[in-house]
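Below is a short set of questions and answers on how certain labels are earned. Each answer sets a value against its cut-off.

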Amino acid sequence: MKILLENIKELVQVVEEPLLFRSGAEMGTVKTIRNAFLIIRDEVIEEFGRMDQLKDKYMDDDLLIEIDCSNRLVYPSFVDSHTHLVYSNSRESEFVSRIKGLTYEEIARNGGGILNSAKRLHETSEEELHKSAMDRILEIMKTGTGAVEIKSGYGLNTEDELKMLRVIRKIKETSPICIRSTFLGAHAVPEEFKNNPSEYVDIVINEMIPQVAADELADFIDVFCDKGFFSQQDTDRILMAGMKYGLRPKIHANELGYTGGVQVGVKYNALSVDHLEYIGDEEIALLKNTETMPTVLPGAAFFLNLPLSPVRKMIDAGLPVALASDYNPGSSPSGNMSFISSLGCIKYDMLPEEVINATTLNAAYAMGVSDCLGSISKGKIANLFITSDVDGIASLPYHFGSDLIETVIINGEIQNF
Ligand code: NIG
Ligand code: FE
């Protein structure tokens, strides 16, 4: 199967040499080709260039589909490197409690929050969890996401953590978009371990991690290293145990305070440290020239009214930044990456180019898929979207809340939603 996209107003995020991510001032650079064509063969990007070069590059022998992209932009799909989209029930009642004045941490202390989701997940079958998660996958595909990381963490006992990870494995097998799986047994301390959290950490280390590894259920390991959840010391023990099984960390860090999450993440060469509402000069200096991608989750900060992560300061200090949705029922019940892009520009003063890098190339690095996704490059998987008639690359973040994505192509196939 061959598809030709022609007369593309602007082909966005073209990367011609191998490139893992963009940092600092480079984040303001996005290469685009105006009046472009792009050829997809089977599931990969075969060729692209200016329209006036098309004649030299292609012969219309086996061409099957031509799409006229006049006035339209073509982007690589969004990569969403941090979600919790397998869950049983949404949590509107907590949303209303917060409107009335309770904080996220107070709700969690009263047995709501993650523990509430764990109780509901326990009562829900794998089939039901798979079905509702696949509905969410379809929802995010429609809004331009072509790869997503999904965490466990609503199990909080060995059996239910494994159940969640099996659901994620089934999503991997049944979803057209690329999925990566992260084990997050240390997401919250269950009620019965409230007075002795290190006993729960022992279970994560001695029971859960060996089984997760034996069944090859996870690509990465995560810990909610934060105030009221898991300490830097707990995190250190868990990441050390994960490392023995080859599980690279991607951790929750510094959402609710200066908790040492960045320090322990860098120590274990985490692929990413995520949230970063509380990050100062020390953490920024530590992250410089590491292989750890600072990842900011604007949806959670927006939904919980958290102080904003100092993204400008991080980029100006030379760091790379990725943006992800954190799609989950408690702190970010949306996986809409166009909206995340708008928040990036509006709330964090990121340029449209910086947001594009943060949601494609850098995010692909943060979930370990930059060899095959995250840019318009020959040989990468043809996960793309075509916009509606728009002005330019500032249009997507500018029209916050609007759906400007007209056509989605996944694995070289046009999606009919
Ligand atoms: O990334 N911070 C920890 N975990 C999620 C929230 C999960 C929940 O509230 O259910 C987050 O925000
Ligand atoms: Fe999260």
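**Labels and their grounds**

Q: Why is F385 called buried or exposed in this predicted model?
A: The relative accessibility of F385 is 0%. Buried means under 20%, so F385 counts as buried.

Q: Why does F78 count as buried or exposed?
A: F78 has 4% relative accessibility. The cut-off is under 20%, so F78 is buried.

Q: What makes Y75 and F385 a pair, and why is the pair called stacked or tilted?
A: The ring centres of Y75 and F385 are 5.0 Å apart, and a pair needs centres within 6.5 Å. Their planes stand at 15 degrees; planes under 30 degrees apart count as stacked, so this pair is stacked. Y75 belongs to strand β5 (residues 72–76) and F385 to strand β14 (residues 384–389), 310 residues apart. Both Y75 and F385 are buried.

Q: Why is the pair of F78 and F385 called stacked or tilted?
A: The centres of these rings, F78 and F385, lie 5.2 Å apart with planes at 45 degrees. Stacked requires under 30 degrees and edge-to-face over 60, so the pair is tilted. F78 is in strand β6 and F385 in strand β14, so the pair ties together parts 307 residues apart in sequence. Y75, F78 and F385 form one aromatic cluster, and a search of the whole structure finds ten aromatic pairs.

Q: What makes H82, H84, H252 and D326 donors of the iron ion (ligand 2)?
A: The donor atoms are NE2 of H82, H84 and H252 and OD of D326, at 2.1 to 2.3 Å from the iron ion. The cut-off for a donor is within 2.8 Å of the metal, so these atoms qualify. Along the chain the donors follow the spacing H-x1-H-x167-H-x73-D. H84 lies in the loop between β6 (78–80) and α2 (92–99), and D326 in the loop between β13 (322–323) and α13 (337–348), so the pair ties together parts 242 residues apart in sequence. Both H84 and D326 are buried.

Q: How do you know that Y104, Y154 and H275 make polar contacts with ligand 1?
A: A polar contact needs N or O atoms within 3.5 Å. From an oxygen atom of ligand 1, a side-chain N or O atom is 2.4 Å away in Y104 and 3.0 Å away in H275. For Y154, a polar side-chain atom lies 2.6 Å from an oxygen atom of ligand 1. Ligand 1 alone exposes 320 Å², of which the protein buries 100%.

Note on methods: Residues are numbered from 1 along each chain as its sequence is written. Chains are lettered from A and ligands numbered from 1 in the order in which they are written. This is a predicted model: local features need pLDDT of at least 70, side-chain atom pairs count only at pLDDT 80 or more; totals for chains, interfaces and linings use all residues. Side-chain values use heavy atoms; hydrogens and water are left out. Donors are N, O and S atoms within 2.8 Å of the metal (3.2 Å for Na, K and Ca); water is not among the atoms, so sites may look incomplete. Helices (H or I, at least four residues) and strands (E, at least two) are DSSP runs, numbered from the N terminus. Buried means under 20% relative accessible area, exposed over 50%, partly exposed in between (1.4 Å probe, protein chains only). Rings of Phe, Tyr and Trp (its six-membered ring) pair if their centres lie within 6.5 Å; planes under 30 degrees apart count as stacked, over 60 as edge-to-face and the rest as tilted. A polar contact is a pair of N or O atoms within 3.5 Å; within protein, one must be able to donate a hydrogen and the other to accept it, and residues adjacent in sequence count only if both atoms are side-chain atoms. Accessible areas come from the Shrake-Rupley method with a 1.4 Å probe; for residues, only the protein chains shown count as cover.
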